[in-house]
Amino acid sequence: MNAPRENDPNELDRFKRDIDLVDYAERQGYQIKKEGKRGDWHQLEKDGEVLIVTRKDDHQVYLNTGDDRDKGSVIDFAKTRGGDGHGLNLGQVRQQLREYLNDGPAPTRAYAPAADVARLNALPVGNPDHERQAEEDRRTRLISEVLGVKRELTDRTYLHGRGIEDQTIDSPAFQGRIFTAQQNEHKNTAFPLYNAEGLASVEQKNEHYKNLLPLPKNGIWVSHPTEGKGTQVERIIVSESAIDSLSHHQLKSGQDQKNTIYIATSGTPTEAQVALIQRVIDKQEPREVVLANDRDAGGRQFNMNYLNELHPARPLVPVAEQEAYKEPTRPVEWHATSDKYHTGLKVTYHHDSAEAGAQQVQQLSDRVSQMNGTQEAGPTIALEVQRSSDRETVLRLSVAKADTAQLEVLTHELYRQREQLRPEPERQQETFLRVDYPVAKDWNRDLELTRQGLNAEQIRAQAQRDEQQREAERQQRLAEQHRQEQEKRQLARQQEQQRRESTPEAQEQREADDRRFNQAVLGAAVASAGAEPESRPFRSYQSEQEAAAHTAQFVHARDAGLVLLKEYINDNPAPTGRKVDETEQQENRDRARYAERNPAPALATVLAAEEKTATWKIDEVAPNTTGRAEAWKEVLDNSSYSYKTSEIRSTIDEQGIRRAEFDMTYRNDQPDIAIIHAIITNTNARAEAGQEVYAGVSVSESEADRAARQVVAEAAAIQPHNRDRSMDQAPATLATEGQPEPRAAEAVPAPQGDEKQVIIKVDEVAPAPGARGQAEAVKEAVSGSGAKTGNIQSTTDAQGIRHSEMKVSYRTDQPEIARVSQTLDAVASQPGSSVIEHSSDRAERREISKGYEMAQPQRTQEITR
């Protein structure tokens with residue numbers, strides 16, 4: 001093992017000079033999308049993130065266009081993005097960059113040569129005022145092209161389409177803050193962004209259209225006070241978009257009529273926008289600031305950063321014959337960032353001694369350990385001390401994006417800790433910064449659902465369905481991408497296989513394989529039919545009549561015992577939940593989170609599997625209660641149908657409402673699929689109809705799964721209708737060995753046989769002219785089993801793959817049914833072959849074939865001989 005390597009004080013500078021940042025980023029999955037003609041800059045992209053790489057002095061630097069804090073050298077790049085998005089400490093960065101250099105980095109990228117200083121001195125000196133004026137002229141031109149000369153709101157179509165009423169639009173708060181942008185025949189709704197110099201940019205919106213002018217994002221959309229210009233402001237509400245501000249006003253202004261200013265950042269807030277929001281606070285001196293961002297990982301991240309950066313109005317103090325705002329002390333600071341999968345929180349403690357820093361770190365570490373210890377799926381928060389000194393300690397916490405709310409809880413605790421550590425005059429009012437989340441994803445969605453007449457509980461249920469739909473669409477896109485990739489790989493494999501199998505040796509091998517396949521199929525059918533009675537997993541009968549009577553009785557009893565869950569729940573409704581005391585409630589809150597789902601299997605497996613999943617979501621109907629989801633799951637588990645349920649996952653919201661969910665997995669080829677379909681469909685229908693027992697209950701699934709289940713349910717063998725409910729309890733005993741044989745008069749006659757049809761498809765590399773292929777071998781095997789086969793219909797595609805199909809028919813009462821069934825199953829298991837038949841037909845022939853094997857021992861002996 002190599003001895004520990006001491007850190008070279010000049011090593012970091014060498015990393016910056018010797019490592020090509022563009023090549024290093026490409027090895028991390030980034031791709032070059034654009035670059036300067038002279039190679040003096042590069043634009044890199046990955047998962048929607050855009051970086052600009054340029055040269056500064058003797059090394060390269062990068063800038064994240066979506067986050068003006070994310071910038072620096074290759075050292076900063078590795079620290080931020082290493083560790084699968086969790087970040088690296090400096091020691092880990094050194095190790096990673098050493099390995100990169102040891103692997104042999106790409107030669108340093110050739111940038112444009114440095115300018116000739118003597119030649120530059122001979123050129124006219126640029127005027128900074130002229131440059132500023134040119135930028136100002138560009139900004140004025142872009143804004144004028146959008147808003148025109150006469151700025152007014154002439155078209156309210158888009159606002160009305162988003163549910164914004166005229167009374168809201170005409171409020172004094174929004175006069176002169178919304179315009180119509182007329183460009184050719186297009187009309188968009190424009191929201192101007194302002195900074196200290198005036199109009200800074202414009203955001204345009206319309207249905208399926210959103211555009212922010214290509215100008216620096218250093219302005220904010222800000223309303224007038226709701227009571228009119230010049231009035232004393234009591235509250236400022238910050239949201240992500242102007243539409244959310246309008247929606248929040250329309251929903252809540254009547255409930256709390258404080259004089260309010262609304263601010264929107266048009267998406268992710270930049271450092272300049274946060275500074276502007278603080279300047280508005282300094283000027284207006286409100287009593288409270290409400291953070292009204294979206295209820296998602298992004299909105300929580302914005303709120304965490306606002307808690308660190310926004311303060312009550314700062315006092316002005318004299319500085320060198322001028323005045324400046326006095327910044328409050330910051331004994332604790334934090335900043336949240338995120339990537340595609342994780343949210344990180346950087347925490348910095350400023351302290352007077354190393355001992356004080358160690359104590360603060362220990363407090364935070366203990367709190368993280370406490371939260372991790374209550375998670376059902378194990379620890380979720382990772383904590384790492386990145387550096388420490390006598391005066392400063394820096395930590396980094398990281399969670400999966402789905403668990404961002406846990407970091408938000410810690411941020412609120414850090415906020416309270418900071419206020420306690422500050423000098424008394426600087427401490428904020430406890431209620432100055434307040435978070436107000438919508439019930440659904442954002443305030444405009446809340447407004448839309450409220451206008452539909454939904455109450456808060458129904459909005460919450462719909463929000464869950466919205467999230468499920470977004471996830472289903474995302475999975476569908478991934479599946480489509482996977483399908484296309486599979487098709488490309490399959491085509492490449494087929495072309496390669498065709499090339500290899502075009503030789504005479506390959507043709508001989510294929511013919512030998514076909515002969516072995518034919519023998520294997522026939523052998524499997526004969527072996528199954530000729531097995532000794534004691535080796536079979538079912539009983540033998542003395543006569544065909546006895547077998548028919550027992551089979552009919554079993555089927556009748558099973559059908560009679562299938563009780564529709566929708567009826568069972570009506571007769572035995574789930575409880576509304578039991579009351580919990582404060583201690584248990586706190587334990588539930590500490591433990592509450594959605595459990596991590598099992599890692600998703602490979603997409604190819606998911607797409608090929610027949611197992612489907614429907615998610616049951618069950619909310620308590622009253623705060624501080626629990627047990628309702630467990631009762632519903634027990635009802636489902638005790639119904640004895642073929643589905644299975646998972647463990648319960650739960651969380652508790654700010655109002656103390658417990659929200660739980662669990663998965664139901666089922667297969668479309670089960671005989672009781674029609675009843676499963678009725679359970680899911682009727683549960684959702686009754687919940688939407690407002691039935692009390694079903695309040696807060698919903699079953700979520702993809703539309704594709706629902707449609708597929710409905711198709712097979714309509715043709716399923718067991719249907720939920722036309723049943724005598726007095727027969728819902730199955731007989732206590734069935735005819736089994738050791739019990740009296742049923743009398744002939746009581747025997748139920750066997751049903752008349754039906755003719756069934758299936759289609760067999762075979763895909764194979766096209767055989768040479770005159771050669772016998774796999775399709776011919778399959779036809780011979782199926783015909784030999786006793787089934788009727790039609791002619792083989794074949795086509796050969798451009799890749800040389802022959803696609804064949806043939807129709808096959810058989811009767812369920814023919815003596816060879818067991819052999820036919822075994823042969824069809826053997827064909828279906830052969831690579832390149834598939835048997836297309838209705839799932840109920842497949843189940844029926846397998847069940848009947850067992851009965852015929854039991855009832856016809858003489859026939860079995862003949863086959864064996």
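Are R391 and D352 buried or exposed? I checked this pair before anything else in my notes, and both residues turn out to be exposed. I should jot down that I'm working on a predicted model.

**Entry: the R391 pair**

The side chains of R391 and D352 form a salt bridge, with N to O at 3.8 Å. I looked up where the partners sit: R391 is in the loop between β18 (382-388) and β19 (392-400), and D352 is in the loop between β17 (342-350) and α12 (354-373), so the contact ties together parts that are 39 residues apart in sequence.

**Entry: other salt bridges**

I get 50 salt bridges for the structure. One of them joins the side chains of R300 and E408, at 2.5 Å from N to O. R300 belongs to helix α11 (residues 297-309) and E408 to helix α13 (residues 404-421), so this pair links parts that are 108 residues apart in sequence. I then asked myself why R300 counts as buried. Its relative accessibility is 15%, and buried means under 20%. E408 is also counted as buried, because its relative accessibility is 6%.

Next I pulled up R422, which makes a salt bridge with E419; their closest N and O atoms are 3.0 Å apart. Both R422 and E419 are buried. I also found a network: R235, D256, K258, E288 and R434 are joined by salt bridges that share partners.

**Entry: the five-stranded sheet**

R235 sent me to the sheet. This is an open sheet of five strands with mixed pairing, and I read its order as β10-β12-β11-β13-β20. At the edges I have β10 (221-222) and β20 (433-435), each of which pairs on one side only. Inside the sheet, β11 (residues 235-239) runs parallel to β13 (residues 288-291), and four bridges connect them. R235 stands opposite E288 of β13, and these two residues also turn up in the salt-bridge network.

I checked what packs on the sheet too. Helix α9 (residues 242-252) lies across β10, β11 and β12 (260-264), and its direction makes an angle of about 150° with β12.

**Entry: the nonpolar cores**

Which residues have the most contacts inside the largest nonpolar core? I noted I236, I263, V289, L310, L345, V347 and L397, in a core of 39 residues. Helix α10 (residues 271-284) supplies the largest share of this core, with five residues. Where does the core lie? Domain 2 (151-316 + 428-453) and domain 3 (329-401) both contribute residues, so I place it between the two domains.

I took L310 as a test case. Leaving out residues up to four places away in sequence, L310 touches V274, I277, Q278, I281, V289, L291, Q428 and L433. Another core, of 25 residues, lies apart from the largest one, and I618, W632, Y641 and I676 are among its members.

**Entry: T450**

My last lookup was T450, in helix α14 (residues 443-451). T450 is partly exposed, with a relative accessible area of 36%. What does T450 contact, leaving aside neighbours within four places in sequence? I find L251 and I459. I also took the C-alpha separation between T450 and G163: the atoms are 9.9 Å apart, although 287 residues separate the two along the chain.

Methods: Residues numbered from 1 in each chain as written. Predicted model: local features only at pLDDT ≥ 70, side-chain atom pairs only at ≥ 80, totals over all residues. Heavy atoms only, no water. Pairing = 2+ DSSP bridges. Helix = DSSP H or I, 4+ residues; strand = E, 2+ residues; numbered from the N terminus. Contact = heavy atoms within 4.5 Å. Axes fitted to C-alpha atoms, helices over the stretch in contact; angles between N-to-C directions. Core = buried A, V, L, I, M, F, W, Y, C linked by side-chain atoms within 4.5 Å. Buried < 20%, exposed > 50% of the residue type's maximum accessible area, 1.4 Å probe, protein only. Domains from an automatic or database assignment. Salt bridge = Lys/Arg side-chain N within 4 Å of Asp/Glu carboxyl O.
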